[in-house]
Amino acid sequence: MKSVNFEFLRARRAVLADLAGFAERYAHEDPASSLIKQRSFVEQAVAAIYEGYRLRPPYSDNLNDLMNETAFRQAVPEVVQNKLHAVRKAGNHAAHPRRPITSQLSLECLAQLFDIARWFFVQLDGGKLEATPKYVPPPPEPASAAKTKDALEKLRLAEAKYEPVLKQLDEETRKRLEAERAATAATRTAEENASELTKLQEEGQKVASALAFNEATTRRRLIDQALLAAGWNVGLDCKNTEQVKQEVKLTGLPTPSGGGFADYVLYGDDGKPLAVIEAKKTAKDARAGAEQARQYADALEKATGVRPVIFFTNGIDIFLWDDAQKYPYRKVYGFYSKDSLEYLVHQRIGKKALAHLEPNLAIANRMYQLEAVKRVTERFERNFRKALVVQATGTGKTRVAISLCDVLMRAGWVKRILFLCDRKELRRQADRVFKEFMPGEPRVIVDASTANDRDKRIYLATYPAMMKAYEDFDVGFFDLIIADESHRSIYKKFRSLFQYFDALEVGLTATPVKFIERNTYELFACENGDPTSAFDFQHAIESKPAYLAPFRVMQVSTKFSRDGFRYSQMTAAQRAELEDQDPQAQAVDYDSRDLDKYFFNKDTTRAIWRSLMEGGLREATGQHVGKTIVFARNHVHAVHLAEVFSELYPQYGSAFCRVIDNQEPKAEQLIDDFKNPDHELTIAISVDMLDTGIDVPEVVNLVFAKPVKSYVKFWQMIGRGTRLRKDLFGPGKDKTEFFIFDHWQNFWFFDEKYKEAQPAPQKSLLQYLFEARVELLSVAIDKMDEAAIDIAEQREFYLDLLFYHLRLRAYVVRRAEGRRVRARAPRPARVLPRRRGRPSQAPGGEPAKHRAHRGGAEQASRPAQGREKPHPGDEEGEEEMMPSLAFCEGAGIRSERLTRSPEIRSAVLSESSGLRALEAEIAKDLSELEAML
């Protein structure tokens, strides 16, 4: 796209020339599009400056972060920075307009863009000043409305064809920045770096001086842009509007004449001043205008009876001074909107002392939770604006946050709250808790469809979602920001959110105090190692009563995970097998740390599963392991783990163990199923989705099937098992601990102390049934209650029948697996009646109650009588109990029809299809039996 003013760039920077050409063509008919194109020009120019000057980019690629990086500010002359910021802010305003965008605004920014282009051409590309033309404002299209529309459509078509080129360039720019981030600073010392930056700035300043930029105009445009971005109606060419008046004459000032002029005064709908703005030269520190601005506020207060909020700025840095509430002045990203300023002024009247309000005990009632709320409110009352709360995972950080919100709302300190977290599932959990404890407060989840919602009180968002929408809000929109999982990555990747909004801030983290990064303390204005409130894991498990469950660790490793995988250390058979699979077998040499990055060894994976299934804590009946999270490296590793589990334990089916990660389209539903104590999903293989923040108290086993390098992440993962759960293993049998299976020596890596775990003892089914009988009969006998004894006896019969069916199911499964078994049937100790009633007599004429008083041990240990004819070919096989026909015929429910039929019995013993049919019938019977129990 050929431009009017920017063709001198084309030889070296064709993309910049094209972007400027589009911006010129749109300037009159579509000024918003023009400003967006100008902002794209600035993005490309800033990236080129980083590359040309070899500057190390910040962690974030956000344009504002790039331009505010210390190295960038040291290398680029201030007047050029001002112009870059002016165009950037105008582009932001066009992308998120709060006021109509005029062609005059786009034309003024084009003049600023031309100055940037000339400086860039001379300084970065080594061009000659004489080669740059004199700026000429692009003329409007001299055509009718129809022709103008047609021209715009053709322009859109040309822009659409250009978009892929721009996207490719953006991707290349991103990769260059990443490369610079990785490579720079390692090759130069700090002194060399500082010396070079000084030299670059001096050279750039010489070029800027030669170009004779108009700094006063730039500063004025920057302030106007910042006000427009906040939604204020700013007049052009210093003209006054009802909302914004410029060069306002004041009296009663401590000057020789007693008068003076305020640069800007912002007014509310009632005509009263809301704020006064003092503007200083860009070359001066904005704080030089603080006292002058205070004097203007005094004069306005005397004249109107309302004390305005004070702002002072040099066009780049903006400071807010709310001296009416005794706050010291602070740097802010931009100006407040009219609505936010009105609430700030209203707060002065409506605020209550926080010390006089007690937390709602229905929300948080533990002493350490109440202490955390009190510590934060006391800090806020001392005019601190930030706080950091450290609480071990599972101790109710969200409850503390909501209790704090409730107190601050009731006290009139906050009106709108932003709750930030790092994943969607945590946002869903927070939404549910807010709904439960603050049902009357309107809530909204911030995403692309709700970004313009402005009438709610509680806003919930993930950090990435808010990064896309935060500039849609004015800087004073939120009164309180709660940042969940606040740690170093938040500081690095999302610090723009905290720099942009001017609000009270509370950080929540479960990271142990001594491992919290210095940057995190700085972000929340705390002394290093001294958070506002702390309640760690050790305190939680040592409290009386305990608030968290302790863990025990089982260190499990295989030869491969210990020693790696090396051709030189293999046996001859292993080498031969590997050579059949890989022609480059002799080059195989993997360290143990890199083993699972390149291939997954089935033997190692089988060892992982067997250690869990044989040694893990089991659910209440002892039939299988309890809720378990397995932490996998990546999606491929997770799928591999799931496949090997299915091979080893097909009897559990496909719903017992599932992969839960971002590649699973129904991941959120699977998480809900895993949280449901009654759902059959028992083992969740997680790839990051369950590593942090998920609340499942039923989890009793954690499996570290991957190495963890982050201590913060390590403790977040441990936290998935720490929550207590009453009656998890039956009435009065609470969860008191959980197991961790560490297959990658993570505890050794972090030098973390732990108690060693012993494999959980596995009781046989017979033992469980016997203990249940003894317990039922013991209670009945202790109470000397005939009716209770009758019920106990009935239940004893049902337990016998359940035991029979479970043995039968085990037989079916083993036959289906192809195992060699020999059928052997025990004679039942009794025969159940066909209806659920008290049996009058057991086989042999002995009264049932006498047998009950003797207990179940005698029957349990009675030798089996009778033996079925062994199946052909099974004479050497393992003995397996098979039910007798008489027992089945005596059972009083549907199972009678299963074995009365010789055809079904024959199918059971010979055909796999019959086995499957019988297994389906048994499954139905089992559900009925378990319901009876």
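## A walk through a predicted protein model

Let us start with one residue: Arg39 has a relative accessible area of 17%, so it is buried (buried means under 20% relative accessible area, exposed over 50%, partly exposed in between, with a 1.4 Å probe and protein chains only). This is a predicted model, in which local features need pLDDT of at least 70 and side-chain atom pairs count only at pLDDT 80 or more, while totals for chains, interfaces and linings use all residues. Residues are numbered from 1 along each chain as its sequence is written, and side-chain values use heavy atoms, with hydrogens and water left out.

Arg39 sits in helix 2 (residues 31-53); helices (H or I, at least four residues) and strands (E, at least two) are DSSP runs numbered from the N terminus. Its side chain makes a polar contact of 2.6 Å with the side chain of Asn92 (a pair of N or O atoms within 3.5 Å; within protein, one must be able to donate a hydrogen and the other to accept it, and residues adjacent in sequence count only if both atoms are side-chain atoms).

Phe335 can be found in the loop between strand 6 (330-332) and helix 11 (338-350). Its C-alpha atom is separated by 7.8 Å from that of Ile318, 17 residues apart along the chain. The table puts the two residues side by side; contact means heavy atoms within 4.5 Å, and neighbours within four places in sequence are left aside.

| Residue | Relative accessibility | In contact with |
|---|---|---|
| Arg39 | 17% | Leu63, Val87, Arg88, Gly91 and Asn92 |
| Phe335 | 2% | Ile223, Ala226, Leu227, Ala230, Ile277, Phe311, Thr313, Ile318 and Val475 |

Now for a helix. Helix 23 (residues 635-648) has 14 residues, so at 1.5 Å a residue it should span 20 Å, and its end C-alpha atoms are indeed 20 Å apart. The expected span is 1.5 Å times one less than the number of residues. At the start of helix 23, a side-chain oxygen of Asn634 comes to within 3.3 Å of the backbone nitrogen of Val636. The buried residues of helix 23 are His637, Ala638, His640, Leu641, Ala642, Val644 and Phe645.

Finally, the chain as a whole. The secondary structure of the protein chain comes to 34 helices and 24 strands. Of its 933 residues, 53% are buried. Among contacts with a separation of 6 or more, 70% are between residues 24 or more positions apart.
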